[in-house]
Amino acid sequence: MSNVVPFKRLSPKQKHKGKTLCRSGFHKWEVVTNQQFDVKQGKLVTRYRCKRCGKEKVDAH
């Protein structure tokens, strides 16, 4: 006879952790420091990446 492994369902809190805030537009932005100069624009830029979902945005100065 084989061993039966009980599978535990994830609670809704664990299943959707961090998704609902980003979907509503409340990202948790953090600065990415590896590339600060944009050659095409010829400007200093600040790149932001969301800590939860990974979406990126660029702000030119």
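## A walk through the chain, from fold to side chains

Starting at the N terminus, the elements of the chain follow the order α-α-β-β-β-β. That makes 2 helices and 4 strands. Please keep in mind as you look around that this is a predicted model. Of the 61 residues in the chain, buried residues make up 10%. As for contacts in the chain with a separation of 6 or more, 21% of them join residues 24 or more positions apart.

A good place to begin is strand β3, which covers residues 43-50. With strand β1 (residues 29-32), β3 pairs in the antiparallel sense over 4 bridges. One pairing to find on screen is that of Trp29, whose bridge partner in β3 is Cys50. Strand β3 also pairs with strand β4 (residues 56-60), again in the antiparallel sense, and here there are 5 bridges. β3 and β4 form a hairpin with 5 residues between the strands, and in this hairpin Gly54 takes a positive phi near 90°.

Now let us look at some residues along β3. Thr46 lies in this strand, and it counts as buried because its relative accessibility is 15%, below the 20% cut-off. What does Thr46 touch, leaving aside residues up to four places away in sequence? Its contacts are Val31, Lys57, Val58, Asp59 and His61.

Lys57 deserves a second look. In β4, Lys57 is the bridge partner of Tyr48. The side chains of these two residues meet as well: the charged end of Lys57 sits over the ring of Tyr48, 5.4 Å from the ring centre. Aromatic pairs, on the other hand, number 0.

Next come the charged side chains. In general, side chains of opposite charge can pair when their charged atoms come close. In this model the count comes to 2 salt bridges. Glu56 forms one with Arg47, where the closest N and O atoms are 2.5 Å apart. Glu56 also forms a salt bridge with Arg49, and there too the closest N and O atoms are 2.5 Å apart. Arg47, Arg49 and Glu56 are thus linked in a network of salt bridges. How exposed is each member of this network? Arg47 is buried, because its relative accessible area is 18%. Arg49, at 31% relative accessibility, counts as partly exposed. Glu56 is partly exposed too, with a relative accessible area of 37%.

Finally, turn to the cysteines. How many disulfides does the count come to? The count is 0. Cys22 is in no disulfide, and the nearest cysteine sulfur, that of Cys50, is 3.5 Å away. A disulfide needs the two sulfur atoms within 2.5 Å. Why does Cys53 have no bond to Cys50? The sulfur of Cys50 is the closest cysteine sulfur to that of Cys53, but at 3.6 Å it is too far for a bond. The surroundings of Cys22 and Cys53 can be described as well. Cys22 counts as buried, because its relative accessibility is 10%. Cys53 is partly exposed, since its relative accessible area is 44%. Cys50 brings us back to the sheet, where this residue of β3 is the bridge partner of Trp29.

Notes: Residues are numbered from 1 along each chain as its sequence is written. This is a predicted model: local features need pLDDT of at least 70, side-chain atom pairs count only at pLDDT 80 or more; totals for chains, interfaces and linings use all residues. Side-chain values use heavy atoms; hydrogens and water are left out. Buried means under 20% relative accessible area, exposed over 50%, partly exposed in between (1.4 Å probe, protein chains only). Contact means heavy atoms within 4.5 Å. Rings of Phe, Tyr and Trp (its six-membered ring) pair if their centres lie within 6.5 Å; planes under 30 degrees apart count as stacked, over 60 as edge-to-face and the rest as tilted. A charge sits over a ring if NZ of Lys or CZ of Arg is within 6 Å of the ring centre and within 35 degrees of the ring normal. Two strands pair if DSSP finds at least two bridges between them. A salt bridge is a side-chain nitrogen of Lys or Arg within 4 Å of a carboxyl oxygen of Asp or Glu.
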